[in-house]
Amino acid sequence: MDSSDGRTILVVNGPNLNLLGTREPATYGSATLADVERDAEAAATRHGVACRFVQSNHVGELIDAIHEARDDCSGIVINAGGYTHTSVALRDAIAAVALPTIEVHISNVHKREDFRHHSYLSAVCEAVIVGAGIHGYVLAIDHLAQRLSEQS
């Protein structure tokens with residue numbers, strides 16, 4: 001679905017998420033990135049909004065996509081992968097565009113290594129969804145769509 005009225009949600013996936021389904025299935029499950037996109041698109045369609053998807057293993061590409069979102073998107077769902085714990089630049093991009101942003105993590109990062117317990121992004125995100133598997137993306141889309149409905 002494409003939307004020119006700003007009712008588009010940018011779904012950002014960071015490094016290694018292109019390997020979903022094969023990467024550490026005990027932690028991330030067997031669902032693929034295509035499954036994530038299919039579920040997110042279905043959720044968006046139910047709410048009459050569109051999704052635009054970007055996945056990159058390069059932080060600059062993610063930042064560029066976030067900057068572009070300010071022109072035609074009404075919100076962002078982001079799973080920044082390892083950049084969550086390392087990238088002040090990604091945090092600053094989210095803050096700069098001032099769009100409601102939901103941070104998503106497939107696994108419960110708080111049950112994992114200590115370095116995963118800190119997020120540079122959480123402070124500039126409206127909500128954080130952790131440990132709900134790929135359903136977290138659907139929850140994030142539902143939340144942003146609800147927010148859009150309340151604003152219109």
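The legends below describe close-up views of a predicted model.

**View 1. Salt bridges around Arg38, Asp39 and Asp35.** Side chains of opposite charge can pair when their charged atoms come close. A search of the whole structure finds 5 salt bridges of this kind, and this view shows one of them, in which Asp39 is joined to Arg38 with the closest N and O atoms 2.9 Å apart. Asp39 has a relative accessible area of 21%, and because buried means under 20% and exposed means over 50%, this residue counts as partly exposed. The pairing does not stand by itself, since salt bridges that share partners join Asp35, Arg38 and Asp39 into one network.

**View 2. A salt bridge between strand β2 and helix α3.** In this close-up the side chains of Arg52 and Asp72 meet in a salt bridge, with a distance of 3.0 Å from N to O. Arg52 belongs to strand β2, which covers residues 50-55, whereas Asp72 belongs to helix α3, so the pair ties together parts of the chain that are 20 residues apart in sequence. How accessible is Arg52 in this pair? With a relative accessibility of 28%, Arg52 counts as partly exposed, and its partner Asp72 is also partly exposed, with a relative accessible area of 32%.

**View 3. A negative patch on the surface.** Four residues, Glu61, Asp64, Glu68 and Asp71, form a negative surface patch. One of them, Asp71, lies in helix α3, which runs over residues 59-72. The relative accessibility of Asp71 is 67%, and for this reason the residue counts as exposed.

**View 4. Arg91 and its neighbour Asp92.** Here Asp92 forms a salt bridge with Arg91, and the closest N and O atoms of the two are 3.1 Å apart. Asp92 is partly exposed, its relative accessible area being 40%, and Arg91 is likewise partly exposed, with a value of 27%. Arg91 returns in the next view, where it is named as the nearest side chain of opposite charge to Glu103.

**View 5. The buried charge of Glu103.** Glu103 lies in strand β4, which is made up of residues 101-105. Which partners does the side chain of Glu103 have, given that this buried residue has no salt bridge? The nearest side chain of opposite charge, that of Arg91, is 10 Å away, and a salt bridge requires a side-chain nitrogen of Lys or Arg within 4 Å of a carboxyl oxygen of Asp or Glu. The side chain of Glu103 does, however, take part in polar contacts: one of 2.6 Å joins it to the side chain of His105, and another of 2.7 Å joins it to the side chain of Ser122.

**View 6. Asn13 and a residue far along the chain.** Asn13 is part of strand β1, which spans residues 8-13, and it counts as buried because its relative accessibility is 1%. Although Asn13 and Val77 are 64 residues apart along the chain, their C-alpha atoms are separated by 8.6 Å.

**View 7. Two residues with a positive phi.** Asn16 and Ala98 are shown together for their backbone angles. Asn16 has a positive phi of about 75° although it is not a glycine, and Ala98, which is not a glycine either, has a positive phi of about 55°. Asn16 is placed in the loop between β1 and α1, the latter being residues 25-28, while Ala98 is found in the loop between α4, residues 88-97, and β4. In terms of accessibility, Asn16 is partly exposed with a relative accessible area of 35%, whereas Ala98 is exposed with a value of 62%.

**View 8. Ser30 and Ala31 in the loop between α1 and α2.** Ser30 lies in the loop between α1 and α2, the second of these helices covering residues 33-47, and Ala31 lies in the loop between α1 and α2 as well. Are these two loop residues buried or exposed? Ser30 counts as exposed at 62% relative accessibility, but Ala31 counts as buried at 18%. From C-alpha to C-alpha, Ser30 is 7.0 Å from Leu20, a residue 10 positions apart from it in sequence. Ala31 and Ser122, in turn, are 91 residues apart in sequence, and their C-alpha atoms are 25 Å apart in space.

How values were computed. Residues numbered from 1 in each chain as written. Predicted model: local features only at pLDDT ≥ 70, side-chain atom pairs only at ≥ 80, totals over all residues. Heavy atoms only, no water. Patch = residues over 30% accessible without salt bridge, like charges linked within 9 Å, V, L, I, M, F, W, Y side chains within 5 Å. Areas by Shrake-Rupley, 256 points an atom, 1.4 Å probe, with all protein chains shown as cover. Lys, Arg positive; Asp, Glu negative; His and termini not counted. Charge placed at Lys NZ, Arg CZ, Asp CG, Glu CD. Helix = DSSP H or I, 4+ residues; strand = E, 2+ residues; numbered from the N terminus. Buried < 20%, exposed > 50% of the residue type's maximum accessible area, 1.4 Å probe, protein only. Polar contact = N/O pair within 3.5 Å; in protein donor to acceptor, adjacent residues only side chain to side chain.
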